[in-house]
2 protein chains.
Amino acid sequence: MPPAGVPANVSVDVAALIGAARDGNARAVARLVSMVEDASPRLREVMAALAPVTGKAYVIGITGAPGVGKSTSTSALVGALRAAGRRVGVLAVDPSSPFSGGALLGDRVRMQDHALDRGVYIRSMASRGHLGGLAWSTPQAIRVLDAAGCDVVLVETVGVGQSEVEIASAADTTLVLLAPGMGDAIQAAKAGILEIGDVYVVNKADRDGAHQVVRELRNMLALAERVGGDWKPPIVSTVAVRGEGLDDLVKAIDAHRAWLESDGRLADRRRKRAADEIAAIALTELRERFGDLAHDQRLETLAARVVAGETDPYAAADELVAGVTD
Amino acid sequence: MPPAGVPANVSVDVAALIGAARDGNARAVARLVSMVEDASPRLREVMAALAPVTGKAYVIGITGAPGVGKSTSTSALVGALRAAGRRVGVLAVDPSSPFSGGALLGDRVRMQDHALDRGVYIRSMASRGHLGGLAWSTPQAIRVLDAAGCDVVLVETVGVGQSEVEIASAADTTLVLLAPGMGDAIQAAKAGILEIGDVYVVNKADRDGAHQVVRELRNMLALAERVGGDWKPPIVSTVAVRGEGLDDLVKAIDAHRAWLESDGRLADRRRKRAADEIAAIALTELRERFGDLAHDQRLETLAARVVAGETDPYAAADELVAGVTD
């Protein structure tokens with residue numbers, strides 16, 4: 001029985017679905033990502049079943065303003081990683097991404113080539129919900145692709161507002177893309193991306209002004225306050241549309257990975273990420289449970305006792321809180 | 001030993017302080033209000049000790065835009081209530097109030113007369129913190145004045161933004177003040193005060209345009225969507241600076257009180273208010289406790305287990321939440 005085609009939230013055999021995903025069934029992968037995106041009632045079951053079979057994928061975040069060539073670079077990077085024999089997953093958390101069905105035919109055709117490749121899973125996560133919701137489900141979707149055997153998961157995110165920062169916290173290596181004529185490096189400083197990149201990519205390096213962008217970026221990075229110590233983010237020049245500079249980019253990513261893997265930095269970063277994720281889920285759970293209690297008979301009873309002078313609001317609140325985890 | 005003069009947050013005998021407040025010691029009252037305002041570590045002890053001796057005061061909220069004569073009206077109302085033999089507390093939750101030390105000498109002198117009257121407690125709550133914090137501590141300060149034997153507590157609040165709505169939820173009877181030439185009744189509609197008043201007061205009724213304000217207000221109130229049913233808020237015209245219309249105002253307040261006290265409406269309103277207060281305190285407690293846990297060793301351990309694939313983030317969040325009420 002194929003796992004795809006089963007109605008949502010009905011009797012899905014989660015173990016069978018994960019088994020099929022691990023065997024390379026793309027529809028099972030898609031189905032699991034959908035369950036994650038839709039916050040299926042069985043999300044917890046899915047996450048519990050995925051836990052023992054995840055943690056192997058390396059996560060690369062790709063961010064940058066619209067127009068810098070993010071999708072073209074992602075596509076080129078997929079090609080380079082596939083040429084090196086790695087299985088690749090792509091999560092496009094960007095409504096303007098061609099992977100989301102919203103852009104240039106050329107890019108779309110290019111990605112369709114990858115789509116026919118059994119070693120690549122491509123998934124848009126921009127079709128529903130707001131970015132906040134996407135940020136929420138992205139780590140879960142990464143786990144699905146991880147369990148499905150992807151060696152590398154590329155997460156392409158829209159380069160505006162908070163989302164770059166969020167993706168930086170979800171990725172092992174974060175690539176920040178710039179291009180000449182896109183407002184240049186000064187804009188990068190304003191957008192706060194000088195703090196989040198592990199590797200900077202100046203794409204469209206054949207265009208006028210590319211050297212200028214590299215120079216300004218280098219100066220600003222030298223001045224930027226960066227946490228996390230002694231990694232000096234390299235600047236790689238590429239012409240992604242022609243595949244130029246891709247080898248340098250892969251080398252820069254591998255160098256960052258090697259740095260992370262020394263001295264336990266990767267494990268530290270992933271523990272920090274997991275802690276943030278657990279804390280966010282726990283806070284949401286508390287809010288939900290508390291929302292229920294605010295309409296609970298218990299609150300009515302406590303309020304009546306406060307009005308009668310039998311207890312005070314603080315003691316009543318303590319009683320209410322004590323009931324939250326029942 | 002006088003309760004005032006003891007350093008804050010040191011060995012204060014709360015029971016003795018409350019006893020002194022109930023015996024009419026104004027400094028003990030002031031000290032208790034300060035403990036409430038400052039969210040003293042012993043706030044819970046104070047609230048617990050106050051609970052059995054509160055619930056007798058009737059709370060009147062007074063709101064309206066700056067310039068309508070709120071403080072003058074409050075002062076006149078204090079006089080009228082004192083003349084009727086009632087003990088009165090005043091909480092000025094308004095930075096522009098003369099009770100807060102920020103306005104006309106004439107008003108200040110007038111209130112100083114009351115200040116010499118043992119049957120009146122006057123307290124500004126605007127000297128510290130933001131309005132949100134004031135909204136938080138106001139119900140507690142009302143309990144202090146209640147315990148101190150005030151029959152009526154007047155809460156004067158700044159007539160901008162959310163605060164009128166908050167004060168309406170803290171008061172038994174809410175007075176909304178308007179005056180001619182203050183932008184008139186249309187502005188009242190925009191400010192959302194057509195929903196919250198139990199009694200409307202058109203002050204400065206001797207000025208041009210006063211009849212117009214009354215007429216427009218009457219028309220708009222007839223059209224306004226009001227919750228809580230069959231009370232038709234009366235419109236009272238006053239010239240507070242000369243004490244004109246004060247008898248009518250006191251009668252209107254008493255009529256609303258009689259209406260509230262029939263069919264258990266007052267008890268319902270106070271239970272609703274207590275429930276809101278408990279819920280707000282409980283949510284704050286949860287946030288604080290959770291904030292602690294986010295820096296807890298437990299979260300580190302759970303994060304390491306998630307990274308190792310021994311558990312998933314949702315199960316980890318459940319464990320963390322289970323620890324919140326320990």
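Let's start with A:D263, which is exposed, with 9 other C-beta atoms within 10 Å. Here "exposed" means that 12 or fewer other C-beta atoms lie within 10 Å of the residue's own, "buried" means 20 or more, and "partly exposed" is in between, with C-beta atoms placed from the backbone. Keep in mind that this is a predicted model, where local features need pLDDT of at least 70, side-chain atom pairs count only at pLDDT 80 or more, and totals for chains, interfaces and linings use all residues. Residues are numbered from 1 along each chain as its sequence is written, while chains are lettered from A and ligands numbered from 1 in the order in which they are written.

Where does A:D263 sit in chain A? Look in the loop between α10 (246–261) and α11 (265–293) of chain A. Helices (H or I, at least four residues) and strands (E, at least two) are DSSP runs, numbered from the N terminus. The backbone at A:D263 has a phi near 60°, a positive value in a residue other than glycine. Now hop over to chain B. B:D263 also isn't a glycine, and its phi is positive at about 55°. You'll find B:D263 in the loop between α10 (246–261) and α11 of chain B, and with 9 C-beta neighbours inside 10 Å, it counts as exposed.

So how do the two chains go together? Chain B can be laid on chain A by a turn of 179° and a shift of 0.1 Å along the axis, with an RMSD of 0.1 Å. That is how a two-fold axis relates two copies. For this fit, the copies are superposed by least squares on the C-alpha atoms of residues with pLDDT of at least 70 in both.

The chains also touch, and the contact takes 43 residues from chain B and 43 residues from chain A. Two residues are in contact if their C-beta atoms, placed from the backbone, lie within 7 Å. On chain B, the side that touches chain A draws at least two residues from each of α3 (43–50), α11 (265–293), α12 (297–307) and α13 (313–322). Of these, α11(B) gives the most, with 14 residues. Sorted by class, that side of chain B has 31 nonpolar, five polar and seven charged residues. In this sorting, Ala, Val, Leu, Ile, Met, Phe, Trp, Tyr, Cys and Pro count as nonpolar, Asp, Glu, Lys and Arg as charged, and the others, Gly among them, as polar. And 100% of the interface residues of chain B are also interface residues in chain A, so the copies meet through the same surface.

Two of those helices pack against each other within chain B. The axes of α12(B) and α13(B) are 10 Å apart, at an angle of about 160°. That makes α12(B) roughly antiparallel to α13(B). Axes are lines fitted to C-alpha atoms, for helices over the stretch in contact, and angles run from 0 to 180 degrees between N-to-C directions. Angles under 35 degrees count as roughly parallel, over 145 as roughly antiparallel, 65 to 115 as roughly perpendicular and the rest as oblique. From α12(B), the residues B:R298, B:L299, B:L302, B:R305 and B:V306 meet B:P313, B:A316, B:E319 and B:L320 in α13(B). By class, this contact has six nonpolar, no polar and three charged residues.

Back in chain A, there are 13 helices and seven strands. Buried residues make up 45% of its 326 residues. Among contacts in chain A between residues at least 6 apart in sequence, 73% join residues at least 24 apart.

Which helix pair can you look at in chain A? Try α1 (residues 14–22) and α2 (residues 26–37), which pack at an angle of about 130° with their axes 7 Å apart. That makes α1(A) oblique to α2(A). Here A:L17, A:I18, A:A20 and A:A21 in α1(A) meet A:A28, A:V29, A:R31 and A:L32 in α2(A).

Finally, is A:L177 buried or exposed? A:L177 is buried, with 30 other C-beta atoms within 10 Å, and it is found in strand β5 (residues 173–178) of chain A. A:L177 and A:N203 are 26 residues apart in sequence, and their C-alpha atoms are 6.7 Å apart in space.
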